Structures are given as structure tokens and as C-alpha cells.
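Hi,

Here is the structure I said I would pass on. Have a look at it first, and then read my notes underneath.

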Amino acid sequence: MTDPPAFPGPGYPLGANPSFAELLRAASGEPRRPPSEGAAVPPSGVGIPHGTTVLAMRYADGAVMAGDRRATEGYSIADERIDKVFPADDMSAVGIAGAAGQATEIVRLFQTELEHYEKVEGERLSLEGKANRLAQMIRNNFPMALQGLVVVPLFAGFDERRGEARLFRYDVTGGRWEEGDYHSTGSGSLHARGTMKKRWRPGLSRAEAVRVVVEALYDASQEDVATGGPNPIRGIYPTVRTITAQGVDLVPETEVAAAFQAIVGSLHEAQRELGGSQAMEAPEEGP
């Protein structure tokens, strides 16, 4: 007798289905429709808040995931304090980019799916299984993506079987790829990735990793108008979470602020040194 699939269809025995979404569909008697059927089109002229830049990076003890706090509606700022990095379960986290409302709904359903699976099966879904399930949910959202509600998250978790952190990226069709060391997604992802490529090295400590991701988001905010940079006056700093063998932890805002102040201090010091060297090299003026 073969084991049942991890997330079977509605024909799976009611009460023993590890997929929460399929369980609800089976209990309600709702027929399965093609993904394109019933896709709603957002009314014209309605602004849809979009999350922008999130990133993830591996370090010595696990992985760190961070996101800026800005949501935009076209060229307007919709929210300056949105959270884009969420714990998926005790050992994994997901960062959202794209249509904020749709992305948040997918994350909440993903959290419920993982919790339901653990209750039904009595154990956690493997990290590969979590990554695959999120890919399925993104694929199911594709009809909405064609209407402009695009969701492209990042997923990171600690693989207890391998004893290491792993990163996964996705495309709008639900395609899933594993990244080795770091990745970013969203409107400022290109600039953030450039900073991570320059700063990342094997064996980074937790403090060094936090500083790198904060610097990457700061650099992205200088080049991408949709990415919100740290705002010390209003007390707005990126959301940063670590994923290790001990679980998912939120990095305290005071630590994130200290990392940002260290970055600003190093930039000021570099500018002073550059100004001094230029003054020394300037030719003397004649009488």
C-alpha cells in the first residue's frame, strides 16, 4: 500500500486531508474549476498597494530575511510601515513582493496549510514540501497575476534533515528555484542584489549578516523610488528575521537601527577621508 500524496485532491477522505484549502473545498462541495475560471478584474482606476523589495541571505548559523516597509500605489506611497517578512511556521519564513493584499492572503493561507498538515500528520512538512506547496499556491494565483495582481515571494527555512538553511525563489507562474547564498525580489531587487554580491562571504556572523541586508535595502532605496529606506526621525526601519536551528526570530528594531547608524557612520568617514585626500592633492594657487 503506497502512502497518500502530500496534498491530494478533494477525493481524499474527509477529516484526513493534510491540505487545508482542499479540505474546505471538499467539505463545502464546491466543484473544482479551471484556474482561469472566475478570475476577477480589478476595477479601473482603483489603486492596488504593492510591496516592493525583500531579500534573503545565508550566514554561518542559518539565514536572514529582510524587507523594506513601503507599499506604493502607482507613484504614491500607500503605507510606510507595512510588514513584508512573515514566519511561515517555526522553522521557515516568507517575504512578499507584488500586490500586497493578494500576497498577504497567500501567506496567511500558507501558514494555515502548514499548521493543518502538522496537526493531521503529526509532524512538520519537509522544507522541500513547504517550498513546493508555496509554488502550487503561486501557480493557482496566475489568473489573478494576468489581471495585475502579481505575487512573487521569497522563501527561506532551516532544513532539519540537512542541518542547514536553504533559500527558494519563485516566478509568477509558480516556477521554483533554489538559491545558494542570497537573492532578492521586488522593484529594488537588482540594486539590493548588487550590494549583497559585494558584501557576502562564507561564514558571516549574525551581526554581519544583519548589517549586510540593512545596507542592501538602504542602497536599493537610493536607486528605486518604490523602496523605502530607514527613517530614523519617524522610527521606521526594515523588518529583519533570522531563521536558524532554534527557529524564526525577529531581529529587535534597536539592533537594526544600530546597524543602520554604523553604515551611515562609515559612509561619513569615507567622505571625510575622500575630501581630505582631494584637498592634499589640489595644486597650489599662484600669487
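A quick definition before the first find: rings of Phe, Tyr and Trp (its six-membered ring) count as a pair if their centres lie within 6.5 Å. With that in mind, Phe110, Phe155 and Phe168 form one aromatic cluster. Please remember that this is a predicted model.

The aromatics

The structure holds 5 aromatic pairs. One of them is Phe110 with Phe155, which meet edge-to-face, at 5.8 Å centre to centre and with 75 degrees between the planes. Phe110 belongs to helix 2 (residues 100-121) and Phe155 to strand 9 (residues 154-159), so this pair ties together parts that sit 45 residues apart in sequence. Both rings belong to residues that are out of reach of solvent by the usual cut-off, which is under 20% relative accessible area for buried. Phe110 comes out at 0%, so it is buried, and Phe155 at 1% counts as buried too.

Ser92

What does Ser92 touch, leaving aside its neighbours within four places in sequence? The list is Pro87, Leu114, Leu127, Lys130, Phe155, Ala156, Gly157, Ile243 and Val248, so you will see Phe155 from the cluster again. Ser92 lies in strand 7 (residues 92-95) and is buried, with a relative accessible area of 0%. Its side chain is joined to that of Asp89 by a polar contact of 2.6 Å. Along the chain Ser92 and Phe158 are 66 residues apart, yet 6.3 Å separates their C-alpha atoms.

Glu179

Glu179 is part of strand 11 (residues 176-179). Not counting residues up to four places away in sequence, Glu179 touches Leu167 and Arg169. With Arg169 there is also a polar contact between the two side chains, at 2.4 Å.

How far to trust it

The chain has a mean pLDDT of 85, with 79% of its residues at 70 or more. Where is confidence lowest and where is it highest? Helix 1 (residues 20-28) is at the bottom with a mean of 60, and strand 13 (residues 239-244) is at the top with 98. Two stretches also deserve a mention. Over residues 8-12 the pLDDT stays under 50, and the model has 11 contacts for them beyond four places in sequence. Over residues 33-41 the pLDDT is also below 50, and that stretch has 8 contacts beyond near neighbours in sequence.

Cheers

Methods: Residues are numbered from 1 along each chain as its sequence is written. This is a predicted model: local features need pLDDT of at least 70, side-chain atom pairs count only at pLDDT 80 or more; totals for chains, interfaces and linings use all residues. Side-chain values use heavy atoms; hydrogens and water are left out. Helices (H or I, at least four residues) and strands (E, at least two) are DSSP runs, numbered from the N terminus. A polar contact is a pair of N or O atoms within 3.5 Å; within protein, one must be able to donate a hydrogen and the other to accept it, and residues adjacent in sequence count only if both atoms are side-chain atoms. Contact means heavy atoms within 4.5 Å. pLDDT is the predictor's confidence in each residue, from 0 to 100. Rings of Phe, Tyr and Trp (its six-membered ring) pair if their centres lie within 6.5 Å; planes under 30 degrees apart count as stacked, over 60 as edge-to-face and the rest as tilted. Buried means under 20% relative accessible area, exposed over 50%, partly exposed in between (1.4 Å probe, protein chains only).
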